[in-house]
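Reader: I'm new to this one. Can you walk me through how to read its features?

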Amino acid sequence: MKLTSLFTSAAMALGLATGVMAEPTKVGFVYVGPVGDGGWTYEHDKGRQAVEAEFGDDVETTFVESVAEGPDAERVMTQMVLEGADLIFTTSFGYMDQTINVAKKFPNVRFEHATGYKTADNVSVYSARFYEGRAIQGMIAGEMTKTNIIGYIGSFPIPEVVRGINSAYIHAKKVNPDVRFKIVWAYTWFDPAKEADAAKVLIEQGADVILQHTDSTAPLAAAAEAGNVIGFGQASDMAEYTDGPRVSSIIDNWGPYYIERTKAVMDGTWETVNTWDGIGAGMVGIGAMTDKIPADVQDAANALKASIASGEYHPFTGPLKKQDGSDWLAEGEVADDGTLAGMNFYVEGIEGDIPN
Amino acid sequence: MDLSAINPVLLVASLMVAATPILLAAIGELVVEKAGILNLGVEGMMIIGAICGFAVAVQTDSSTLGFLAAAIGGAVLSLLFVILTQVALANQVASGLALTLFGLGLSALLGQSFVGLKPPPTPELNIPFLSDIPVLGPILFSHDPVLYLGIAIVAGVWAALKFTRAGLILRAVGENHDAAHALGYKVIRIRIMAILFGGACAGLGGAYISLVRVPLWTEGMTAGVGWIALALVVFGSWKPWRVLLGAYLFGGVTVVQLNLQAAGVAIPVEYLAMSPYLITIVVLVILSKDKSSAPASLGRIFHASH
């Protein structure tokens, strides 16, 4: 320790004496899937590239892809710190405890954990209000379904996913009272074969709209094969399916946030924050709607998007009941962020139980 | 709960599709292990097969050529394993792991320009009369040719190992390579052929995922299937039909549990999600109560001078 600090001060002195430019700020990214997944991780990596483009030589970014949620993530983060990272983005819910653990060991390194809720002096959390996009998606799905069965591929039963299901259901139900949701949990973020299987099963059981909360484009490929089934791009635009089943998408836009936070580290103004931005702030985008969606539905969807963006309408506005029939939100009441962040219940009308 | 929503015919048909990639990879690995080689690179050879098959199918607009390219791609990658373990006499476990890592990386590189493309459809066999039989038709007689090829390879491997001289030699090499060598058999040459066969089968299995089961290309799309195939060979006690049973059980329970979930059956989802692994292992372990038939020379390095 002493020796290290000696070296550090020597290096600093040398740096001061010769007026050498400061070392580039090192930013690390930990990804749950491959950067080529076409969805979640792909968008995070676009954010990383945006940081590189913005700061050029002043920044040095590294990433490790396909890191399993669990102990392995801790090893990867520690390695990044030892290689000199100043700021580390950990981009999956399942890295939450690992991020906190590593952050405790290295108080001088800043961490940013996506979609979690545990913060510390050097750990911020950030997420996007995907449920705002889900509301629009649900509305379109409710209007478009002919069989009145909407298939939903969930990843893990965490608040983030449950929120999406609820939001989509509420808005599908609003425009189509007969709509039913069939929900399948894949227990993976990324496994194209399994995701495709799940989509096929839902289609076989009558679903003609597939909503997904997993990261690959496989469900869209399965929908394309089945024909007469529509789906949405998840996390990324998935525009390559525009000719086929993809009618719109929810797009995550992390670039501006990553740039802002990297800048904060450079300026020394970084503080723990809890960011949760939506359509209004541009963190959630809605991909271009294709002609498969009738014009009046498109107009309604755009109107819904505008009212959410302006803050005039909140997707969780009462009257709403929980699945068991108990009251949740009174007429006109809006859900608070705390409840949303820890959401572990379905709203009234959804069938089935949330796995523990 | 709405079990009537599950169509049993479609269910059986789709479980066969779900099982085929594992089956192809596992039967190839069975032959490799019977020859006394432990190749942990199945996952890497599968993903290389997936991208080679996908790329060639897209370029030539022919899924047949795609599958052919996948088999060649898998075999070529396994050649690397041959050089490491049969020529350089490197450790098989380490070489196999390296093969998987290398395959995953190389496939990501090769596949960069193929993300989001659509492969040509693989035609389903449509046999007059047979395919039209209610229930049995859709289950047995209207799949793509590769699915039947998988079953045919299992039958072929079983027959070859059990009844032919070549099979006997292969097993001899796997049981005691020194004795086989003393008898004048070319141990290295036989093992190389087994490894190439394993690579080709794994490549086919990978291409089955990217061309039929999903069908698309994304990085890392095999997502661990190769490891399951490896485990199946062990739990199936190196017997071809048990490997087939294991693959169908695994594929079957995977599809069934998704069906049960979608139908809203009141079994906790966690149990459903882990059921493919549990059921497959339990059944195969019970079956293999008789003496395990692991090849005695499995994983041991052979050199004629030893």
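**Domains and a helix pair**

Author: Sure, and keep in mind that this is a predicted model. Let's begin with domains: in chain A, the assignment gives domain 1 (23-128 + 254-277) and domain 2 (130-244 + 283-341).

Reader: What separates the centres of domain 1 and domain 2 of chain A?

Author: Taken over C-alpha atoms, the centres of those two domains of chain A are 28 Å apart. Where they touch, domain 1 of chain A brings 19 residues and domain 2 of chain A brings 21 residues.

Reader: How do I read the area buried between domain 1 and domain 2 of chain A?

Author: Look at the total, then at the atoms behind it. Here about 1,600 Å² is buried between domain 1 and domain 2 of chain A, with 71% of that from carbon and sulfur atoms.

Reader: Which three residues supply more than any other three on the domain 1 side of chain A?

Author: W40(A), A128(A) and W276(A): they supply 35% of the area that domain 1 of chain A buries against domain 2 of chain A.

Reader: Now chain B. How do the axes of α2(B) and α10(B) cross?

Author: For a helix pair, check distance and angle. The axes of α2 (residues 42-60) and α10 (residues 225-235) of chain B come within 7 Å and cross at roughly 130°. That angle makes α2(B) oblique to α10(B), and the crossing is right-handed.

Reader: Which residues meet there, α2(B) against α10(B)?

Author: From α2(B), V42(B), E43(B) and M46(B) meet V225(B), G226(B), W227(B) and L230(B) of α10(B). By type, the contact has 5 nonpolar residues, 1 polar and 1 charged.

Methods: Residues are numbered from 1 along each chain as its sequence is written. Chains are lettered from A and ligands numbered from 1 in the order in which they are written. This is a predicted model: local features need pLDDT of at least 70, side-chain atom pairs count only at pLDDT 80 or more; totals for chains, interfaces and linings use all residues. Side-chain values use heavy atoms; hydrogens and water are left out. Axes are lines fitted to C-alpha atoms, for helices over the stretch in contact, and angles run from 0 to 180 degrees between N-to-C directions. Helices (H or I, at least four residues) and strands (E, at least two) are DSSP runs, numbered from the N terminus. Angles under 35 degrees count as roughly parallel, over 145 as roughly antiparallel, 65 to 115 as roughly perpendicular and the rest as oblique. A crossing is left-handed if the near helix is turned anticlockwise from the far one by less than a right angle, and right-handed if clockwise. Contact means heavy atoms within 4.5 Å. Ala, Val, Leu, Ile, Met, Phe, Trp, Tyr, Cys and Pro count as nonpolar, Asp, Glu, Lys and Arg as charged, and the others, Gly among them, as polar. Domain bounds come from an automatic or database domain assignment. Buried area is the accessible area (1.4 Å probe) that two parts lose on being put together, summed over both.
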